[in-house]
Amino acid sequence: MSKIKSVTMYTTGVCAYCHAEKEFLKQHDIKFDEVRVDTDAQAAEEFINLSGQMGVPFTVVKKADDTEEHILGFDQPRLAHALGI
Amino acid sequence: MAKIYDVAVVGAGPTGLSAAVYTTREDLETVVLDHGVIGGLIATTEIVDNYPGFPEGIGGLELSDLMRKQAERFGAEIRTGVDVAGLERSDELLTLKTNSDPVLAKSVLIATGSSYKHLEVPGETELGGRGVHYCATCDGPLYRGKRLVTVGGGNTALQETLFLAKFASHITMLVRGSEFRGAEVLVEQIQKLPNVEVKFNTSITKILAEGHKVSGVETVDNATKAKGQLETDGVFVFVGLLPNTGWLGGAVELDKRGLVKVGNDFATSLPGVYAAGDVCAGSIGQIASAVGEGVSAALSIRHYLAPHHVAK
């Protein structure tokens, strides 16, 4: 986690894949910010502009060198690789 | 030496989790493997209204979580993020090839269920996530105040359209046949919604885009062959299910639709390998039946392992 600056996860309320990803991050003690795009219209617009699509979960892993990895869907192997776990 | 499980269950849906409750209670060391979410397709269902024991219905996510907790209480090891890519048998031992280390077991239960079928029309793949979706509970809330098209006339299409109608300003439901194939109680609820319009005998032939987002669909009337066009902001597809059996690669016998052939005891053509739930030929695709089949398969596995099993 030391090489990771932040993890931001864009979610909706009853999304099973979002729920599973949050559990996965918690299991590995990864701190993350959750942005609910179903209840915050401005966040939803920012999310669509950032990701260029409308599927969740969408995760942005910001690394120490300020590069970002964008992960669409609950892609556990990709998340594990990006987070070094 | 790698660990050898008594039972490896592939798939953490209601079938796999129910089986794991029974095998672990029989003191059989059990691992449950899944590549995605616990609960499978039920986890993506907003409300499960027809599973006994929940008179007010229960959220699909919550039911999945309760099933997982129950299996874990008896000692099941549940691993997610595991892609199972093959199955082999050698010297009475079964090996599951995965995206990490292989998993060894004396018996295997195939409970991989099914996935949503795609329309297979131009535009669908390119616009995935950009207006074409398969999970209403995940992506539906982003369409607040927008126009949507839903495709399908079965229970899933009806239930998911009911969910989407809470957000969308207007939904056109396209049904290939001349009537719904789902439960009457769901049909009645759909018919009461002022923002849902149903077009029967209608199929999508192409999904249209403006920029990188869905802008409409081209349709055909299956009775008159008349072509049409509809403007929409998104398309949600619920046109049936495909069994998740591609990973088996011929290890067990399948029918022509790709469903696993099983006997009355849920045994497949490969000794020590059982299958239950939606992945099997003859399944009726209900949570309650998936649970029952998982339990029956678990008891068959117990019987199969009995001559070799020494209680710990």
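**Close-up views of a two-chain model**

**View 1. A salt bridge joins B:Lys261 and B:Glu253.** Their side chains come together with nitrogen and oxygen 3.2 Å apart. This is a predicted model, so please read each view with that in mind. Is B:Lys261 buried, partly exposed or exposed? With a relative accessible area of 38%, B:Lys261 falls in the partly exposed class. B:Glu253 is partly exposed as well, at 42%. Neither residue is buried, because that class is kept for values under 20%.

**View 2. B:Glu26 and B:Arg302 pair across a long stretch of chain B.** Here the salt bridge has an N to O distance of 3.1 Å. The two residues are 276 residues apart, and the pair links distant parts of the chain. B:Glu26 sits in the loop between α1 (14–25) and β2 (30–34) of chain B, while B:Arg302 belongs to helix α6 (residues 287–305) of chain B. B:Glu26 counts as partly exposed because its relative accessibility is 32%. For B:Arg302 the relative accessible area is 37%, so this residue is partly exposed too.

**View 3. A strand and a loop of chain B are linked by B:Arg147 and B:Asp233.** The closest N and O atoms of this salt bridge are 3.4 Å apart. Where do the two partners lie? B:Arg147 is in strand β11 (residues 147–151) of chain B, and B:Asp233 is in the loop between β16 (227–231) and β17 (234–237) of chain B, 86 residues apart. B:Arg147 has a relative accessible area of 32% and is therefore partly exposed. B:Asp233, at 23%, is also partly exposed.

**View 4. Four charged residues of chain B form a salt-bridge network.** The linked residues are B:Asp65, B:Arg68, B:Lys69 and B:Glu72. Over all chains, the structure holds 19 salt bridges.

**View 5. Chain A meets chain B in an interface that buries about 1,700 Å².** Of this area, 65% is on carbon and sulfur atoms. Which residues of chain A lose the most area to chain B? They are A:Val14, A:Tyr17 and A:Met54, which together account for 35% of what the chain A side buries. The contact draws 19 residues from chain A and 21 residues from chain B. How many salt bridges cross the interface? The rule finds zero, but it does find seven residue pairs in polar contact.

**View 6. Three helices, α1 (16–27), α2 (41–51) and α3 (76–83) of chain A, each give two or more residues to the side that touches chain B.** α1(A) gives the most, with four residues. Sorted by class, this side of chain A has twelve nonpolar, six polar and one charged residues.

**View 7. The largest nonpolar core has 52 residues, including members from chain A and chain B.** Those that touch the most other members are A:Val56, A:Leu83, B:Leu142 and B:Leu164. What does B:Leu142 contact, leaving aside its neighbours within four places in sequence? Its partners are A:Val37, A:Ala44, A:Phe47, A:Met54 and A:Val56. A:Met54 also appears among the residues of chain A that lose the most area to chain B. In soluble globular proteins, nonpolar side chains tend to be buried together.

**View 8. Another core, of 30 residues, lies apart from the largest one.** Among its members are B:Val21, B:Leu28, B:Ile38 and B:Ala111.

Conventions
Residues numbered from 1 in each chain as written. Chains lettered and ligands numbered in written order. Predicted model: local features only at pLDDT ≥ 70, side-chain atom pairs only at ≥ 80, totals over all residues. Heavy atoms only, no water. Contact = heavy atoms within 4.5 Å. Buried area = accessible area lost by both parts, 1.4 Å probe. Polar contact = N/O pair within 3.5 Å; in protein donor to acceptor, adjacent residues only side chain to side chain. Nonpolar A, V, L, I, M, F, W, Y, C, P; charged D, E, K, R; others polar. Core = buried A, V, L, I, M, F, W, Y, C linked by side-chain atoms within 4.5 Å. Buried < 20%, exposed > 50% of the residue type's maximum accessible area, 1.4 Å probe, protein only.
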